[in-house]
There are 2 protein chains.
Amino acid sequence: MENSLKEAAAFFREADDFYILSHQYPDGDTIGSGAALCRALRKLGKRAQMYCHDAFPGKFQYLLEGLEKQSFEPKVIVAVDIADTQLLGNSMMSYADRIDWCIDHHGSNVHYARHWVVDPTAAATTEMIYRLIQEMDVEIDSKIAECIYTGITTDTGCFRYTNATPTSYRIAADMMELGAQAATINRVMFDTKSRARLELERRVLDTMAFYCRGKCAAIYVTRQMVQESGAGDDDMDGLASLPRQVEGVQVGVMMREKEDGSFKISVRSNSKTNASQICAQFGGGGHPAAAGCRLTGSIEEVRSRVVQAVAQALGEPI
Amino acid sequence: MENSLKEAAAFFREADDFYILSHQYPDGDTIGSGAALCRALRKLGKRAQMYCHDAFPGKFQYLLEGLEKQSFEPKVIVAVDIADTQLLGNSMMSYADRIDWCIDHHGSNVHYARHWVVDPTAAATTEMIYRLIQEMDVEIDSKIAECIYTGITTDTGCFRYTNATPTSYRIAADMMELGAQAATINRVMFDTKSRARLELERRVLDTMAFYCRGKCAAIYVTRQMVQESGAGDDDMDGLASLPRQVEGVQVGVMMREKEDGSFKISVRSNSKTNASQICAQFGGGGHPAAAGCRLTGSIEEVRSRVVQAVAQALGEPI
């Protein structure tokens, strides 16, 4: 059943013993949403506990400070920022068919919960959690403010993406006034890279090659490069957008070698060129601006096939 | 004489024939401030023309669209975002002692103008220009909104620096509602690098060396590296902050070789270590978080001297 945040707030105020689920490979928005809601519920004297298939990455630990673990059997299960139960991850899958409430901003939400509140105009689920906590009549302290700010800034790429709305900016301003250390949060989220990431980036930048009169750039990441640099999964974030950051590049390609020797191809488009259509030629898909597919062969063979498809889409010589 | 924005607005509404001066090496804030004010004055039917010692970089051209050149003798000279007449640049120096109004957000402003409005709490001078235009009772159109947004986002590093206040965020939100294309502006300002910059960054990252148990990192840029990569002055922006982006680095050092073979040293600090005090040992200075000095010698000699000073400041072995 579709519900409003007001209805959710009324329900939450009456109920107790909440499990709050975040999606696997957790990001700032799902953790921020969960932690903010958990804190608000505890401030009302209720028992509430966050759960996630994956451990929360170290850089998000400040969102969880002081949230001691509580052990109890749940009466209410809430999913935050989760569009589909597939995203719960294996160890949380047992909750898939018993989720009472879902608070989410993904337009693709499949309405798996008994009650759902979905607002695709929200840049981040924490924007919805902010309204929810206001409706619950809980005072927003500095820890809650940091959770809400974090969700907004991480989901908007520090207010850079098209999803950031005037409302996003205004809620962020409110959270700063309530104690969110915006500059510190943004430095950790956007201006900090691990030594391993640095080493990997050095190697990846050295592979950058240009095609189509500079409108296409391609990079690759081999398993050897990952191993030599000591990079983990966290360190791969955003690598695929490096090529299209170069002036004049309209389509960026990243090829990442997988364990079986095949390549995972990521295509990013700045322009009217449809990345999804390019990837569809190789059995992949995605969005117009970001899509992917998988190919086998040598680096040179694979790159040549993808670049050929890009050239055709751009209407340019290779 | 110190004045309020209200007084400035009253004066501007009565006067005519304005020259608006931006500082040399113009950035988004001085150009955005000048262009917003120029547009507002023209909307009141007045003659107004922007001037700057340097040409405005191509990436800021959208701020100037439709602002055809007007030729006239000035009756009022306004300096925007200029703390000191030294920053006018040679070709504008003839105006240094006849500036009628100065609108600026630098606390270091030396009050060189007949009338000045200085607000160090503003993250960008465009925040002040916004209030000024409101006081002038001029409707803010989408072009003016883009000028104001641009000054705020560039001076706050896309809302990342500590100078960004809730007010900065709220004005940005207002400007988006009035037509500023925030995501496009931020992509151009923060997610686009020239091929030359990319080539330079590759070379510079290869020079990165770590000291003081990873708390200090140093890079260098030689004239040869600049030449080989084809980089211009624009392409040097922000290079000095690359070292301190690495996890664990508290003090970052960049050494840039100058025409005379000496090195310009930039020290950036994330922590309580005072960059200004480090540079003062070599006759330089600056702020606690960002300072500079100049040294002569070989790369190795110069780096060793600076790293030694950093190590001492950090209380770490080299």
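In the predicted model, a salt bridge joins the side chains of A:Arg170 and B:Asp174, with an N to O distance of 2.8 Å. Across the interface of chain A and chain B, 6 salt bridges are found in total, and 18 residue pairs, both members at pLDDT 80 or more, are in polar contact between the two chains. On the side of chain A that touches chain B, at least two residues each are supplied by helix 5 (166–177), helix 6 (182–190) and helix 7 (195–205); of the elements of chain A, helix 5 gives the most to this side, with 8 residues. By class, the side of chain A that touches chain B consists of 18 nonpolar, 8 polar and 11 charged residues.

The extent of the interface was assessed both by contacts and by area. Contacts are made between 37 residues of chain A and 38 residues of chain B, and the two chains bury about 3600 Å² between them, with 57% of this area on carbon and sulfur atoms. Of the area that chain A buries against chain B, 18% is supplied by A:Arg160, A:Tyr169 and A:Arg202, which is more than any other three residues supply.

The arrangement of the two copies was examined by superposition. A turn of 180 degrees, combined with a shift of 0.1 Å along the axis, lays chain A on chain B with an RMSD of 0.5 Å, and the two copies are therefore related as by a two-fold rotation axis. The same surface serves both copies, in that 100% of the contact residues of chain A recur in chain B.

Methods: Residues numbered from 1 in each chain as written. Chains lettered and ligands numbered in written order. Predicted model: local features only at pLDDT ≥ 70, side-chain atom pairs only at ≥ 80, totals over all residues. Heavy atoms only, no water. Contact = heavy atoms within 4.5 Å. Buried area = accessible area lost by both parts, 1.4 Å probe. Salt bridge = Lys/Arg side-chain N within 4 Å of Asp/Glu carboxyl O. Polar contact = N/O pair within 3.5 Å; in protein donor to acceptor, adjacent residues only side chain to side chain. Helix = DSSP H or I, 4+ residues; strand = E, 2+ residues; numbered from the N terminus. Nonpolar A, V, L, I, M, F, W, Y, C, P; charged D, E, K, R; others polar. Least-squares fit on C-alpha atoms with pLDDT ≥ 70 in both.
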